[in-house]
Amino acid sequence: MEEVSVVTFQPQFAKAFADLNYEWIAKFYQIEKHDHEQLDAPQETIIESGGQIFFTLVGDEVAGTVAMIRMEDNSFELAKMAVVPKFQGRKLGDLLMRACIEFAEEMKASSIILESNTKQAAAISLYRKHGFVETPLDPNSHFSRANIRMELAIAPSNR
């Protein structure tokens, strides 16, 4: 069995971050302006503003990714989660979720929010498994495809 690891953003992973996400978004939805902004310049739009991008590697191959985008109110948005189809079903989403939650705790965030679409049943199930609960939709969402919004409160004892 090949070694599985979780690593943080390095410039050499930027193309994999974009490619993985463009592939799944195009498969189910229309690629929107905000997708291009984040995927074409992850260093500038996510990392430099205090966020992080995590990758699961199987051996030395990028198998999955997720972004934590710093929000203005001491919270993070979990976004752009994708796993390479041949690696799906190997619990890589759980590894990515744990990395995001640990990062939010280390950053003393109050919560993690996310927007998704109920067509993504496996993803919604993963979010619920990790404690996310449904909250009202954001009327100012950047994404027309978003029809569910979820939030995970980070326990004050961890802040």
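**Glu115 and its sheet**

Biologist: What makes Glu115 a buried residue without a salt bridge?

Modeller: Glu115 is buried (under 20% relative accessible area, 1.4 Å probe, protein chains only). The nearest side chain of opposite charge, Arg149, is 4.7 Å away. Arg counts as positive and Glu as negative. A salt bridge needs a side-chain nitrogen of Lys or Arg within 4 Å of a carboxyl oxygen of Asp or Glu, so Glu115 has none. This is a predicted model, where local features need pLDDT of at least 70 and side-chain atom pairs pLDDT 80 or more. Side-chain values use heavy atoms, without hydrogens or water, and numbering starts from 1 along each chain.

Biologist: Which side chain makes a polar contact with Glu115?

Modeller: Ser141, at 3.0 Å. The definition asks for a pair of N or O atoms within 3.5 Å, one able to donate a hydrogen and the other to accept it.

Biologist: What else is in contact with Glu115?

Modeller: Contact means heavy atoms within 4.5 Å. Beyond four places in sequence, the partners include Glu77, Asp138, Phe143 and Ile148.

Biologist: Where does Glu115 sit?

Modeller: In strand β5, a strand being a DSSP run of E, at least two residues.

Biologist: How do you know that β4 and β5 pair?

Modeller: Pairing takes at least two DSSP bridges. Three bridges join β4 (residues 75-83) to β5 (residues 111-116), and the two run parallel. Phe76 has Ile112 of β5 as its bridge partner.

Biologist: Why are β1 and β6 called edge strands?

Modeller: The open sheet runs β1-β2-β3-β4-β5-β7-β6, with mixed pairing. β1 (4-8) and β6 (133-135) each have a single partner strand, so one side of each lacks a neighbour in the sheet.

Definitions and conventions
Helices (H or I, at least four residues) and strands (E, at least two) are DSSP runs, numbered from the N terminus. Buried means under 20% relative accessible area, exposed over 50%, partly exposed in between (1.4 Å probe, protein chains only).
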